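Thanks for making the time this morning. I would like to walk you through one model, a few places at a time, and I will try to keep apart what belongs to the backbone and what belongs to the side chains.

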Amino acid sequence: MSEAIKVDVWSDIACPWCYIGKRKFEAGVAAYGGEVEVEYHSFELAPDTPVDFDGSEVEFLVQHKGFPAEQIKPMLERVTGIAAEVGLDYDYDALQHTNTVKAHQLIHYAKAHGKQIEMKERLLRAYFVEGRHVGRDADLADLAADIGLDPADALRALEADEYLDDVRADQQQAISYGIQGVPFFVIDGKYGVSGAQSPETFTGVLTKVTEERVAS
């Protein structure tokens, strides 16, 4: 078997399609059956979001994204339905909007401790399913503890912005790649897949990479 295929994923915690895309990607990897190495990279969809947004999902989308209020309910219902199809129980009534830069720092902290994949999953679930706050240092440290990381050390790193430069480096790389929306998957450093594509799409690209390696 050849070496693992590297997949670099740009996504945001506050991105409903990123969590849906993660599930579809995971299903595609399972169907592919080969070895895949995943690394997550930081992307902020709404960097101007305050840490504590005092309002509902509807109010956020109206105020920060400019969506007409009457369009939001059916849009959220559609997203919730698609999420349910991949086993995710989104709870928009409980969701707490926040700035995600600290959550991205925590993912980098977790990567340094060998738990990046677990941290990414924990944060997405906390945000979309459990209605947890993912923007404050103390709340993030609690979530780090949930996956076996040292909460005191995680809190120290967050308060010191220890991994902020890594977050900014990811964002600069996204700009250099021309990535304007997430999720965005870069497979084997040469194939880009944008959005929450079907599992079959991911399986097809991974299989193509394997075939190319065999032929070369």
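Let me begin with a definition: a disulfide, for our purposes, is a pair of cysteine sulfur atoms within 2.5 Å. By that rule the count in this model, which is a predicted one, comes to 0 disulfides. Two cysteines are still worth pointing at: C15 has a relative accessible area of 2% and C18 has one of 4%, and because the limit for buried is under 20%, both of them count as buried.

Next, please look at the pair of helices α1, which covers residues 16-32, and α5, which covers residues 116-128; their axes are 10 Å apart and they pack at an angle of about 135°. That angle makes α1 oblique to α5, and the crossing of the two helices is left-handed. On the α1 side the residues that take part are P16, Y19, K22, R23 and E26, and they meet K120, E121, L124, R125 and F128 of α5. If we sort this contact by class, we find 6 charged residues, 4 nonpolar ones and no polar ones.

From there I would move to helix α6, which runs over residues 137-146 and in which D137 is found. Is D137 buried or exposed? With a relative accessibility of 18%, D137 counts as buried, because the limit is under 20%. Leaving out residues up to four places away in sequence, D137 touches K102, L155, L158 and E159.

D146 also lies in helix α6, but at 46% relative accessibility this aspartate counts as partly exposed. Its contacts, again with the neighbours within four places in sequence set aside, are with R122 and R132. For a sense of scale, D146 and W10 are 136 residues apart in sequence, and their C-alpha atoms are 24 Å apart in space.

The loop between α7 and α8 deserves a moment too, and Y163 is placed there. Which residues does Y163 touch, if we do not count those up to four places away in sequence? They are Q105, H108, Y109, A112 and A157. Y163 counts as buried, at 14% relative accessibility, and its C-alpha atom is separated by 25 Å from that of V36, which is 127 residues away along the chain.

D161 is found in that loop between α7 and α8 as well, and there the backbone is what I would ask you to check, since phi of D161 is near 55°, a positive value in a residue other than glycine. D161 is partly exposed, with a relative accessible area of 32%.

A positive phi turns up again at D188, where the value is near 60° and the residue is, once more, not a glycine. D188 has its place in the loop between β3 and β4, and at 25% relative accessibility it counts as partly exposed.

The last backbone feature on my list is the peptide bond from V182 to P183, which is cis, with omega near 10°. P183 sits in the loop between α8, residues 164-177, and β3, residues 184-187.

That is the end of my tour, and I am happy to go back to any of these places on the screen.

Notes
Residues are numbered from 1 along each chain as its sequence is written. This is a predicted model: local features need pLDDT of at least 70, side-chain atom pairs count only at pLDDT 80 or more; totals for chains, interfaces and linings use all residues. Side-chain values use heavy atoms; hydrogens and water are left out. Helices (H or I, at least four residues) and strands (E, at least two) are DSSP runs, numbered from the N terminus. Buried means under 20% relative accessible area, exposed over 50%, partly exposed in between (1.4 Å probe, protein chains only). Contact means heavy atoms within 4.5 Å. Axes are lines fitted to C-alpha atoms, for helices over the stretch in contact, and angles run from 0 to 180 degrees between N-to-C directions. Angles under 35 degrees count as roughly parallel, over 145 as roughly antiparallel, 65 to 115 as roughly perpendicular and the rest as oblique. A crossing is left-handed if the near helix is turned anticlockwise from the far one by less than a right angle, and right-handed if clockwise. Ala, Val, Leu, Ile, Met, Phe, Trp, Tyr, Cys and Pro count as nonpolar, Asp, Glu, Lys and Arg as charged, and the others, Gly among them, as polar.
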